[in-house]
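Here is a protein to walk through, one piece at a time. Have the viewer open and follow along.

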Amino acid sequence: MIDELEAQVGAAFEELAEAAKLQSGQIVVLGTSTSEVLGEKIGKAGSVDVGYAIAFAALEAARRRGLYLAVQGCEHINRALCVEAECAKAYGLEIVGVAPTAKAGGACVAEAHRLMKQAVMVEHIAAHAGLDIGDTSIGMHIKFVQAVFRPTLRRVGKANVTCLYYRPKLVGGERASYL
């Protein structure tokens, strides 16, 4: 099951990166409910093994493309995000003092915190795209305006998969032309 989850996450991440036309140095938010992946109610049956598999696969996919990964924690840590210190510095993100655990933050963010080279936690981010596995509500972390993208793979395990990406605002009126 773990190998299958890693493959599913990698495939969804790659499809999102292509659809969003992500460029090196941009940020992708990952929100995950390992409970939902296992077919349980969000927040009720978290799994460190599932969290590890998803965090590992997403980190590998992000690194291959030169992207920064930001992993969202749950409401118990106010949806703070785990990023590499390099990302926080590059984007001027304010670091906050919390260490995610499987029970306060969630298994995926706790494992990402352990897997990253120099992990730090930040409270706010304006990412370029996001991968939501299990209906974790990542929209607050994506730059305005968000476009919804439905990947070919609609589930990771038993969890719904939804993707968002930033697109520039369309401003003007009836005489305006858009790119």
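Start at Phe149: its bridge partner in strand 9 is Cys163. That pairing belongs to a ladder between strand 7 (residues 146-149) and strand 9, which run antiparallel and share 4 bridges. Keep in mind that you're looking at a predicted model.

Now stay on Cys163 and look across to Leu131, because there's a second ladder to find here. Cys163 in strand 9 is also the bridge partner of Leu131. This one comes from strand 6 (residues 129-133), which pairs with strand 9 (residues 159-166) in the antiparallel sense over 5 bridges. So Cys163 is a handy spot to click on: Phe149 is one bridge partner, and Leu131 is another.

Strand 9 has further company in strand 8 (residues 155-156), and the two run antiparallel, joined by 2 bridges. In this pairing, Val156 stands opposite Ala159 of strand 9. How many residues lie between strand 8 and strand 9 in their hairpin? There are 2, and Gly157 in the turn has a positive phi of about 60°.

Next, over to the helices. Helix 3 (residues 48-65) packs on helix 5 (residues 107-115) with the axes 8 Å apart and an angle of about 55° between them. Angles under 35 degrees would count as roughly parallel, and 65 to 115 as roughly perpendicular, so this pair of helices is classed as oblique. As for handedness, helix 3 passes helix 5 in a right-handed crossing.

Who makes the contact? From helix 3 come Val48, Gly51, Tyr52, Ile54, Ala55, Phe56, Leu59 and Arg63, while helix 5 brings Ala107, Cys108, Glu111, Ala112, Arg114 and Leu115. Sort the residues of this contact by type and you get 10 nonpolar, 1 polar and 3 charged.

Finally, zoom out. The protein has 5 helices and 9 strands. Reading from the N terminus, the elements go α-β-α-α-β-β-α-β-α-β-β-β-β-β. For overall dimensions, the C-alpha trace spans about 55 × 35 × 30 Å along its principal axes. What radius of gyration would a compact globule with 179 residues have? It would be near 16 Å, and the protein has 16 Å, so the value agrees with that expectation.

Definitions and conventions:
Residues are numbered from 1 along each chain as its sequence is written. This is a predicted model: local features need pLDDT of at least 70, side-chain atom pairs count only at pLDDT 80 or more; totals for chains, interfaces and linings use all residues. Side-chain values use heavy atoms; hydrogens and water are left out. Two strands pair if DSSP finds at least two bridges between them. Axes are lines fitted to C-alpha atoms, for helices over the stretch in contact, and angles run from 0 to 180 degrees between N-to-C directions. Angles under 35 degrees count as roughly parallel, over 145 as roughly antiparallel, 65 to 115 as roughly perpendicular and the rest as oblique. A crossing is left-handed if the near helix is turned anticlockwise from the far one by less than a right angle, and right-handed if clockwise. Contact means heavy atoms within 4.5 Å. Ala, Val, Leu, Ile, Met, Phe, Trp, Tyr, Cys and Pro count as nonpolar, Asp, Glu, Lys and Arg as charged, and the others, Gly among them, as polar. The radius of gyration is taken over C-alpha atoms; the globule rule is 2.2 Å times the number of residues to the power 0.38.
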